[in-house]
Amino acid sequence: MTEAIRNKIQASDTNISNLLKDKKFTIDYFQREYRWQDKHIKMLVDDLATAFLKSYNPIHKRPDVANYQGYYLGPIVFSINTETGKKSIIDGQQRITSITLLLIYLNNIQKKYKHSVNISGLIFSEQYGEKSFNMSDEDRDNCLSALFDNGEYFINEQDNETVRNMVDRYEDIEQSFPEDILSEGVLPYFIDWLIGNVVIVEITAYSDENAYTIFETMNDRGLN
């Protein structure tokens with residue numbers, strides 16, 4: 001790897017669809033556990049719903065959603081291994097996990113409707129009949145599969161902190177998501193907005209050293 005590539009840092013705004021569509025991330029060791037509490041997920045759900053409803057109007061057609069007000073979710077920091085091409089999450093795993101849980105929940109709700117938005121590719125990709133989730137972590141797979149297929153997962157003694165928190169936060173989403181958005185007439189608009197109008201700044205470094213420097217700088221300076 002040349003020094004020029006090692007020192008390369010890219011930053012660009014993107015949306016949830018572009019961030020997650022058929023993507024694979026490994027989780028950095030220091031980012032491995034999912035630790036969001038109920039207050040975090042409920043605040044996210046409330047913020048997203050409030051931002052969406054500021055623009056939503058029942059007379060709108062779905063293409064009008066493209067002009068709705070956006071919502072800034074925050075920065076995500078990745079490190080890319082130029083030899084293997086693997087992309088590691090250095091900062092932002094908590095938000096990506098939470099958004100994945102929200103997408104699974106919304107997908108489960110829309111299963112009973114005649115019309116739905118195809119968001120499964122933002123949650124997993126499938127090859128040879130097996131699901132492969134966007135974040136490569138074997139500990140999560142059984143839980144995510146059960147939530148996606150059945151909307152519930154029964155915790156056992158072997159499950160770690162991450163799995164337990166994922167189940168709890170999924171239940172928090174079920175309990176806190178506004179009923180008025182879950183109707184068949186409104187939900188497709190919200191999903192379109194969520195995956196297209198929620199903005200993330202994607203920061204990519206080509207060495208772990210630079211990625212950690214970015215992470216530390218943002219956190220030391222108090223950036224949320």
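How many helices and strands does the protein chain have? The chain has eight helices and eight strands. The model is a predicted one. Of the 224 residues in the chain, 49% count as buried. Contacts between residues at least 6 apart in sequence were also sorted by separation: 77% of them join residues at least 24 apart.

**Two helices in numbers**

Helices H3 and H5 each have a span close to the expected one, as the table sets out.

| Helix | Residues | Length | Span, first to last C-alpha | Expected span |
|---|---|---|---|---|
| H3 | 38-55 | 18 residues | 27 Å | 26 Å |
| H5 | 138-150 | 13 residues | 19 Å | 18 Å |

**Helix H3**

Which residues of H3 are buried? They are Ile41, Leu44, Val45, Leu48, Ala49, Ala51, Phe52 and Ser55. These residues lie on the same side of H3, because they cover an arc of only 165° around the axis. The other side of H3 carries exposed residues: Lys39, Met43 and Lys54.

What do the buried residues of H3 pack against? Their partners include two strands, E3 (71-80) and E8 (198-205). The helices H4 (93-110), H6 (161-176) and H7 (187-197) are partners as well.

**Helix H5 and its crossing with H6**

H6 also meets H5. The axes of H5 and H6 come within 9 Å and cross at roughly 20°. H5 is therefore roughly parallel to H6. The crossing of H5 past H6 is right-handed.

On the H5 side, the residues that meet H6 are Asp139, Arg140, Cys143, Leu144 and Leu147. On the H6 side, they are Thr162, Val163, Met166, Val167 and Tyr170.

The buried residues of H5 are Arg140, Cys143, Leu144, Ala146, Leu147 and Phe148. Arg140, Cys143, Leu144 and Leu147 are thus named twice: they are buried, and they meet residues of H6. Just after H5 comes Gly151, with a positive phi of about 75°.

**Thr14 in strand E1**

Thr14 is found in strand E1, which runs over residues 9-15. Is Thr14 buried or exposed? Thr14 counts as buried because its relative accessibility is 12%, and the cut-off for buried is under 20%.

Which residues is Thr14 in contact with, leaving aside its neighbours within four places in sequence? Leu19 is one of them. The others are Val198, Val199, Ile200 and Glu202. Strand E8 covers residues 198-205, so these four contacts of Thr14 fall in that strand.

Note on methods: Residues are numbered from 1 along each chain as its sequence is written. This is a predicted model: local features need pLDDT of at least 70, side-chain atom pairs count only at pLDDT 80 or more; totals for chains, interfaces and linings use all residues. Side-chain values use heavy atoms; hydrogens and water are left out. The expected span of a helix is 1.5 Å times one less than its number of residues. Buried means under 20% relative accessible area, exposed over 50%, partly exposed in between (1.4 Å probe, protein chains only). The arc is that of the directions from the helix axis to the C-beta atoms. Contact means heavy atoms within 4.5 Å. Axes are lines fitted to C-alpha atoms, for helices over the stretch in contact, and angles run from 0 to 180 degrees between N-to-C directions. Angles under 35 degrees count as roughly parallel, over 145 as roughly antiparallel, 65 to 115 as roughly perpendicular and the rest as oblique. A crossing is left-handed if the near helix is turned anticlockwise from the far one by less than a right angle, and right-handed if clockwise.
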